[in-house]
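Trainee: I would like to learn how to read a structure feature by feature. Could we work through one together?

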Amino acid sequence: MIRIAALIVRDSTPIRFAGLDLAERAERLVRRAGIEHVQIADDEYPFAEVPVVDLLLVLPERVIVERSVITDLLRRDIHLPEDAAAVVDAAGESTGLMLLSLRATERIRAVPRLRSGLRRLGVEANVRSIRVAPRYVARIRDARDVARIETDYLRHTNGGAGEGYFTRNIRVFSIPLSRVLLRWSISANEVTLAGFALAVLGGLAFSIGTYWAGLAGALFYWASMVLDCSDGEVARGALADSKFGAWLETVTDYLSYFVVLGGIIWGDFRLEGFDHHTIAALVAAPATFLIIAIVGYLRARVASVNPGAFDDALAAQLRQGDAMQRFAVWGRQLIKRSFVAHLILFQALIGFIPALTEIWAYGAAGALVIVIAVQTHIIRSVRVQPLRPAVTL
């Protein structure tokens, strides 16, 4: 097995990103990418004490990348006659993130600064430049860059431009909130539970059955959806996503549908008794349960190694672009919580909350067809990377 180590080059100016010290964050990143031997050094003869290894990953603490950039770089390896691979940004400028062979490491072991090492390698070694787009990479030049890069990083690592209109609309509110929660060291699981509590409050408000209670319930549910986006943003921003957190989010998401539907039906039943809305709910509930059971099974089967990455992996597969995939992309938007939150708010504003039962019944029946006929077919080609991949080169 090839010996691999990581060197994190610390900067003299203290900066925090997503609630973490930059060096601490960089160490957490490379360990989650599977590198066990990690050394943190100041930018004064940074290579002097690095171990003798076959591959050395060099990560300046101010370089912000997603974990997949590190794992992709390690999988590419270095092939003769190359001495090193250097990651460049979208403008083609060096980021300082490098993968060095033993030859390259020994060549710059005595340099006084990281920048000096980069210059020497550029002149004396065979260095391959690598662009990682569409993966995320950015360099913090000073503290003024933090807010912009945090926002870009959270948006990119939680769906980016591939998300539907309704989810992007909610992220306008969730990302600023997530940045605050990260600074306060609020965990993603705490955000998930808070979001579910708001969904329960929404269901209780719907059960009252009046216009103003329905509007309050819709606002509670909208707020719960903001937190539903925030929990993933917080988890990925803090590099703390976990299988338990992903399943907790999944379970609470599913339960929220029944909490809301139950509250709407109870509120209508109290005012109108057994009517056509109740009949529609009797169709919507079992169809929704079947959708949840099928999607939950598929998630467990395909993404048990990393359930939080299931939606992203499926969305990437759907973007391939044939007719069936385009239909699935359109259909999935109508069963996502972000669309439901918008729909509930609209119905509350016009005072037709009970009519959601009919919409829900038709939508659940159609979504069940989409899930069975389309998603189960496409999902066979979805591949999910584990949370903590072992580095075996």
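Mentor: Start with a single residue and its accessibility. Leu-349 has a relative accessibility of 49%, so it counts as partly exposed. Keep in mind that this is a predicted model.

Trainee: Where does Leu-349 sit?

Mentor: Leu-349 belongs to helix 13.

Trainee: Which residues form a nonpolar patch on the surface with Leu-349?

Mentor: Its partners in the patch are Tyr-211, Trp-212, Phe-346, Ile-350 and Phe-352. Together the patch residues, Leu-349 included, have about 690 Å² of accessible area.

Trainee: Which helices supply at least two residues of that patch?

Mentor: Helix 8 (211-237) and helix 13 (337-350). Helix 13 has the largest share, three residues.

Trainee: Now the opposite case. Is strand 8 largely enclosed or open?

Mentor: Count its buried residues. Strand 8 covers residues 94-101, and seven of its eight residues are buried, so the rest of the structure largely encloses it.

Trainee: Which strands are joined to strand 8 by bridges?

Mentor: Take each pairing in turn. Strand 5 (residues 55-60) runs antiparallel to strand 8, with four bridges between them. Leu-55, for instance, has Ser-101 of strand 8 as its bridge partner. Strand 7 (residues 84-88) is also antiparallel to strand 8, again with four bridges. There, Ala-84 is partnered by Leu-100 of strand 8.

Trainee: And the turn? How many residues lie between strand 7 and strand 8 in their hairpin?

Mentor: Five. Check the backbone there as well: Gly-92 takes a positive phi near 85°.

Trainee: What is the volume of the second largest pocket?

Mentor: About 430 Å³. The pocket is lined by 17 residues, and the closest to its centre are Pro-60, Leu-114, Arg-115, Leu-118 and Arg-139. Then ask which elements build the wall. Strand 1 (4-10), strand 8 and helix 4 (114-124) each give two or more residues to this lining.

Trainee: How about cavities? How many of 30 Å³ or more does a search of the whole structure find?

Mentor: Two. The largest has a volume of about 60 Å³. Its lining has 13 residues, with Thr-192, Gly-195, Phe-196, Thr-252 and Arg-337 nearest the centre.

Trainee: Which helix gives the most to the lining of the largest cavity?

Mentor: Helix 7, with five residues. Helix 7 (188-208), helix 8 and helix 9 (243-272) each supply at least two. You have met helix 8 before: it also supplies residues to the nonpolar patch.

Trainee: On to charges. How many salt bridges does a search of the whole structure find?

Mentor: The count is 20. For each pair, look at the distance, then the sequence separation, then the accessibility. Glu-24 and Arg-28 form one, with their closest N and O atoms 3.4 Å apart. Both lie in helix 1 (residues 22-32), four residues apart, about one turn of the helix. Glu-24, at 35% relative accessibility, is partly exposed. Arg-28 is partly exposed too, at 29%.

Trainee: What parts of the chain does the salt bridge of Arg-135 and Asp-72 tie together?

Mentor: First the distance: the closest N and O atoms of Arg-135 and Asp-72 are 3.1 Å apart. Arg-135 is in the loop between strand 9 (127-131) and strand 10 (137-139), while Asp-72 is in helix 2 (residues 67-76), so the pair ties together parts 63 residues apart in sequence. Arg-135 is partly exposed, with a relative accessible area of 37%. Asp-72 is partly exposed at 24%.

Trainee: Which residues are linked with Asp-72 in a network of salt bridges?

Mentor: Arg-75 and Arg-135.

Trainee: Then where are Arg-141 and Glu-93, which meet in a salt bridge?

Mentor: Their N to O distance is 3.5 Å. Arg-141 lies in the loop between strand 10 and helix 5 (146-157), and Glu-93 in the loop between strand 7 and strand 8, 48 residues apart. Arg-141 counts as exposed, at 52% relative accessibility. Glu-93 is partly exposed, at 45%.

Trainee: One last loop residue. Where is Pro-51 found?

Mentor: In the loop between strand 4 (38-42) and strand 5. Pro-51 is partly exposed, with a relative accessible area of 23%. Now compare sequence with space: Pro-51 and His-37 are 14 residues apart in sequence, and 9.1 Å apart from C-alpha to C-alpha.

Technical notes:
Residues numbered from 1 in each chain as written. Predicted model: local features only at pLDDT ≥ 70, side-chain atom pairs only at ≥ 80, totals over all residues. Heavy atoms only, no water. Patch = residues over 30% accessible without salt bridge, like charges linked within 9 Å, V, L, I, M, F, W, Y side chains within 5 Å. Areas by Shrake-Rupley, 256 points an atom, 1.4 Å probe, with all protein chains shown as cover. Salt bridge = Lys/Arg side-chain N within 4 Å of Asp/Glu carboxyl O. Buried < 20%, exposed > 50% of the residue type's maximum accessible area, 1.4 Å probe, protein only. Pairing = 2+ DSSP bridges. 1 Å grid on protein atoms, 1.4 Å probe; cavity = no way out; pocket = protein on both sides within 12 Å on 5 of 7 lines; lining within 4 Å. Points joined across faces, edges and corners; volume = space filled by probe spheres on them.
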